[in-house]
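Subject: Structure handover

Dear colleague,

I am passing on the structure we spoke about, so that you can open it and look around before reading my notes. Please find it just below.

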Amino acid sequence: MSERLYYTDSYLRDFTARVIDTSAGGRVVYLDRTAFYPTSGGQPFDLGSIGGIAVTDVADEDERIAHHVAEPMAAGGPVACAIDWQRRFDHMQQHTGQHLLSAVFEELFHLKTVSFHMGADSSTIDLEGGAVDARVLAGTERRVNELVYENRPVTVQFEDSGAAQGLRKPSDREGTLRIVSIDGLDRSACGGTHLRATGEIGAVLLRKVEKVRQSSRVEFLCGGRAVRRARADYEALSRTAQIFSAPLDEVPNVVAAAQEAARTGDKTRRKLELDLAAYQGRELYSTTAAGADGFRRVLRRAERGNLEELRAVAQNFTAQPKAVFLAALQDPPSILLAVSEDAGIDAGKLLKAALTANGGRGGGTARIAQGSVNDAALVEPILTQLAG
C-alpha cells in the first residue's frame with residue numbers, strides 16, 4: 001500500500017521515497033509513499049520527477065498508485081521526488097474554487113453539483129435544480145469572490161463515514177472519510193488537493209453556460225487562470241475597439257450598429273443583383289435570335305465559377321415565351337437548365353436523367369434545375385444531349 005502524503009499535506013513539493021515495485025519494463029513505478037496526486041474526482045494527475053526522471057502520468061490502482069515515467073527505473077531507493085508545483089497549485093486553486101462555487105450555487109439558488117471536470121484551460125461543473133441565467137451567474141460570482149476576500153480557512157479532517165454529519169453531498173463510501181471544509185460554509189468528502197484558505201483561490205470568473213441533457217454546465221476559472229483569461233478578453237476587446245475607433249464600453253453598441261448596417265447593405269446589394277439579373281435576362285432574350293422552331297436558346301460555358309450567379313439571369317430569360325437557357329462550368333463540373341413555361345420540357349426530370357446516366361446527381365423543378373458530375377470530361381457530352 002502506498003502512503004498518500006497529499007492527503008495530509010497538499011503543499012508538499014519535495015520528498016524521498018523507495019521504489020518498491022515496477023511494471024511495464026520499469027516505466028511504471030510504485031513508491032512506498034507518494035505526494036503525486038493521481039487522476040481522480042475530476043482533478044488531473046500531478047507531474048514532476050522521480051529520481052530525476054520525468055513523471056508523465058499518475059493513476060490510482062486502489063491500494064497502490066502507479067507512476068508512469070519517461071525512462072525505465074529499477075526498484076530500490078531512496079530516490080528524490082519533486083512535484084511540479086506550478087501545475088499542482090493551479091489544480092488546488094481550481095478544485096478549492098469548485099467547492100466554494102458548488103456551496104454558493106446551492107446556498108443561494110438551491111442548485112446541486114452533479115459533476116466536476118478540470119480541463120487544461122478551464123473547468124466546468126454540471127448543475128441540476130433549475131435554470132442558470134445571467135442573474136444566477138452574476139449573483140454567484142459576486143458572492144464567491146466576497147468569500148475569497150474573507151479568506152476563510154479550508155481544513156481537512158478524517159471522520160468515520162457513519163458519524164460524518166452536514167456533508168453537502170452524501171458519500172456512499174464506508175470506513176474513514178477525508179472531509180474538506182470551508183469554514184462556516186461547506187463540508188465535502190473529497191480526496192483532492194486543496195488550499196489552506198479561500199484567499200489563495202484568487203479571483204473567480206464565471207463564463208459560458210450550456211445545456212447538457214437535464215443539467216446546466218458552467219465554465220469557470222480561478223486564480224491565475226482567471227487573470228490570464230481576463231487579460232486575453234480585455235486585449236481582444238481593445239483590438240475590437242481600435243478597429244471601430246470606439247471606447248471599450250461602446251463596442252457592443254458599435255458592433256450592433258455595424259451589423260445592422262451590413263444587413264441593410266446586404267439586402268440592398270441582393271435587390272440590385274436581382275434588378276441587374278432581370279435586366280440582363282430580358283436584354284439577352286431580346287438580342288438572341290429565334291431558331292426555326294421559334295425558340296430562343298442560350299448556351300453559356302465557363303471554366304470556373306458559381307451557377308448561382310447565372311440562376312437569376314436564367315430565370316428572367318426563361319420568363320419570356322419559347323426560351324431555353326443552358327449553362328455549364330468545368331470547375332466544379334456542373335450544369336444548369338432553365339426553360340420557359342411553354343417549352344414543353346420538364347427541366348428537372350430531363351437534367352436529372354442525364355446526370356444520373358453519367359454518375360452525377362441533381363434535379364429541380366419543371367422550370368429550372370441544376371446538378372453536377374464527378375468528371376469535367378462528362379460535361380460536354382451532357383450539354384450535347386440536352387441541347388439536342
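What follows is a description of one sheet, the helix that lies across it and the core that they share in.

Please keep in mind throughout that this is a predicted model.

I would begin with the open sheet of four strands, whose order is 9-10-15-14 and whose pairing is antiparallel. Strand 9 and strand 14 stand at its edges with a single partner strand each, so one side of each has no neighbour in the sheet. From one strand to the next, the twist averages 25°.

Going through the sheet pair by pair, strand 9 and strand 10 are joined in the antiparallel sense by six bridges, and they form a hairpin with four residues between them. Within this pair, Ser115 stands opposite Asp126 of strand 10. Strand 10, in which five of the six residues are buried, also pairs with strand 15, again in the antiparallel sense, over five bridges, and here Ile125 stands opposite Val218 of strand 15. Strand 15 is in turn joined to strand 14 by seven bridges, the two running antiparallel. Val218 appears here as well, as the bridge partner of Val209, while Leu205 stands opposite Leu221 in strand 15. Strand 14 and strand 15 form a hairpin with two residues between them, and Arg213, in the turn, has a positive phi of about 55°.

Helix 2 lies across strand 14 and strand 15, and runs at about 145° to strand 14.

Turning to the packing, the largest nonpolar core has 32 residues, of which Leu100, Leu101, Phe105, Ile125, Val204, Leu206 and Val218 touch the most other members. The elements that give two or more residues to this core include all four strands of the sheet, namely strand 9, strand 10, strand 14 and strand 15, together with helix 1 (85-109), helix 2 (134-150) and strand 12 (176-182). Helix 1 gives the most, with eight residues.

Which residues is Phe105 in contact with, leaving aside its neighbours within four places in sequence? They are His110, Leu111, Ile125, Leu127, Val136, Leu137, Thr140, Leu206 and Val218. Apart from the largest core lies another, of 21 residues, among them Tyr6, Val19, Ile65 and Ile83.

If you would like a place to start in the viewer, I suggest Val218, which stands opposite Ile125 and is also in contact with Phe105.

With best wishes

Terms used. Residues numbered from 1 in each chain as written. Predicted model: local features only at pLDDT ≥ 70, side-chain atom pairs only at ≥ 80, totals over all residues. Heavy atoms only, no water. Core = buried A, V, L, I, M, F, W, Y, C linked by side-chain atoms within 4.5 Å. Buried < 20%, exposed > 50% of the residue type's maximum accessible area, 1.4 Å probe, protein only. Contact = heavy atoms within 4.5 Å. Pairing = 2+ DSSP bridges. Axes fitted to C-alpha atoms, helices over the stretch in contact; angles between N-to-C directions.
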